[in-house]
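User: I would like a close look at one part of this model, followed outward to whatever surrounds it. Please take your time and keep the account connected.

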Amino acid sequence: MEITYIGRSCFKIKGKDTTIVIDPYNPENTKYKLPRLDADILLLSHAHPDHNHVDGVTGYKLLVDTPGEYEVGGTFIYGLETFHDDKEGKERGKNIMFLIDIDGMTVLHAGDLGHELSAETLEKISDVDVLILPVGGVYTIDAKTAGKIISSIEPSYVIPMHYNDGKENLELEKLDIFLKEMGVEGSVKPEDRFKLNSKSESPEDTQVLVLTPQH
């Protein structure tokens, strides 16, 4: 399995037989270019233009934008309903977290999660190899809340997303705040992509990965 960070909350996950794209953004609503993306499965966490640019992805056999269970070519998707804010969606609506079983490994993409996870939701999540989590605050959870969620899930790896990378005039917190919260500031080297061949490669303690956006 190979994970590439496209930008904002958009990721490409490539397995042996299946390729997934999550939350493609509309270049007209951001200052990012969107590279050409082809996928078997397209996942949309919510209906905001910086997360649901369907026209930016080609070739998909399945589009998922509602909670539930789905399967394509041996890859299983479980969409968990959450909220885009900490007021049960009254401010920004609902959000879908996607639990993905691909190549025998589990990836959880949290979308624009805006709150800590309930005990009921946590019961549906187990043995997460890679957690992809927003950390920038304002529109989603911030670094401190992200740290709490990481502790409650205990993934092998965590990849931060949806933070201020200096290319847009957003109020989001910068990545350094999250890295400081996790106690790894200055010790994490950005990578272009992340490859994981099996669960046996995973560390005992959670490891923070920073992926360089490809936009």
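How many of the residues of β11 are buried?

Analyst: The model is a predicted one, and the description that follows should be read with that in mind. Strand β11 is mostly covered, with 5 of its 5 residues buried. In a regular strand the side chains alternate between the two faces of the sheet. Both faces are covered here, since M105, V107 and H109 on one side of β11 and T106 and L108 on the other are all buried.

The sheet comes next. An open sheet of 7 strands runs in the order β8-β9-β10-β11-β12-β13-β15, with mixed pairing. At its edges stand β8 (68-72) and β15 (207-208), and each has a single partner strand, so one side of each is left without a neighbour in the sheet. In that order, β11 is placed between β10 and β12, and the pairings on its two sides can be taken in turn. Towards β10 (residues 94-102), β11 runs antiparallel and is joined by 5 bridges; in this pairing L99 is the residue that stands opposite L108. The hairpin formed by β10 and β11 has 2 residues between the strands, and in it D103 takes a positive phi near 55°. Towards β12, β11 runs parallel and is joined by 3 bridges, and here L108 stands opposite L131. L108 is thus set opposite L99 of β10 and opposite L131 of β12. One strand further along, β12 and β13 also pair in the parallel sense, over 5 bridges, with L133 opposite P160 in β13.

Helix α2 packs on this sheet, where it touches β11, β12 and β13, and its direction makes about 160° with that of β12. The helix spans residues 143-153, and its buried residues are A143, T145, A146, G147, I149, I150 and I153. An α-helix has 3.6 residues a turn, so residues three or four places apart point the same way. The buried residues of α2 pack against β11 (105-109), β12 (130-134) and β13 (157-161), and also against the helices α1 (119-123) and α3 (175-181). Just after α2, E154 takes a positive phi of about 55°.

From β12, V130 leads into the interior. Leaving aside neighbours within four places in sequence, V130 is in contact with T106, V107 and L108 of β11, and also with M1, I3, Y157, I159, F194 and L196. V130 is also one of the residues with the most contacts inside the largest nonpolar core, together with I3 and I100, and that core has 54 residues. The strand that gives the most to this core is β10, with 6 residues. A second, separate core of 11 residues includes Y32, L37, L44 and V57.

Two of the contacts of V130, Y157 and F194, also form a ring pair with each other. Their ring centres are 4.8 Å apart and their planes lie at 55°, so the pair is tilted. Y157 belongs to strand β13 and F194 to strand β14 (residues 193-195), so the pair ties together parts that are 37 residues apart in sequence. Y157 counts as buried, at 6% relative accessibility, and F194 is likewise buried, with a relative accessible area of 6%. The structure holds 3 aromatic pairs. Another of them is formed by Y5 and F11, whose rings have their centres 4.5 Å apart and their planes at 15°, so this pair is stacked. Y5 counts as buried at 2% relative accessibility, as does F11 at 0%.

Two places in loops complete the account. K87 lies in the loop between β9 (75-83) and β10, where, at 41% relative accessibility, K87 counts as partly exposed. The C-alpha atoms of K87 and H115 are separated by 8.3 Å, although the two residues are 28 residues apart along the chain. The other place is H53, found in the loop between β5 (41-43) and β6 (57-58). H53 counts as buried, because its relative accessibility is 17%, below the 20% limit for a buried residue. Not counting residues up to four places away in sequence, H53 touches P24, Y25, N26, P27 and L34.

Methods
Residues are numbered from 1 along each chain as its sequence is written. This is a predicted model: local features need pLDDT of at least 70, side-chain atom pairs count only at pLDDT 80 or more; totals for chains, interfaces and linings use all residues. Side-chain values use heavy atoms; hydrogens and water are left out. Buried means under 20% relative accessible area, exposed over 50%, partly exposed in between (1.4 Å probe, protein chains only). Helices (H or I, at least four residues) and strands (E, at least two) are DSSP runs, numbered from the N terminus. Contact means heavy atoms within 4.5 Å. Two strands pair if DSSP finds at least two bridges between them. A nonpolar core is a set of buried Ala, Val, Leu, Ile, Met, Phe, Trp, Tyr and Cys residues joined through side-chain atoms within 4.5 Å. Axes are lines fitted to C-alpha atoms, for helices over the stretch in contact, and angles run from 0 to 180 degrees between N-to-C directions. Rings of Phe, Tyr and Trp (its six-membered ring) pair if their centres lie within 6.5 Å; planes under 30 degrees apart count as stacked, over 60 as edge-to-face and the rest as tilted.
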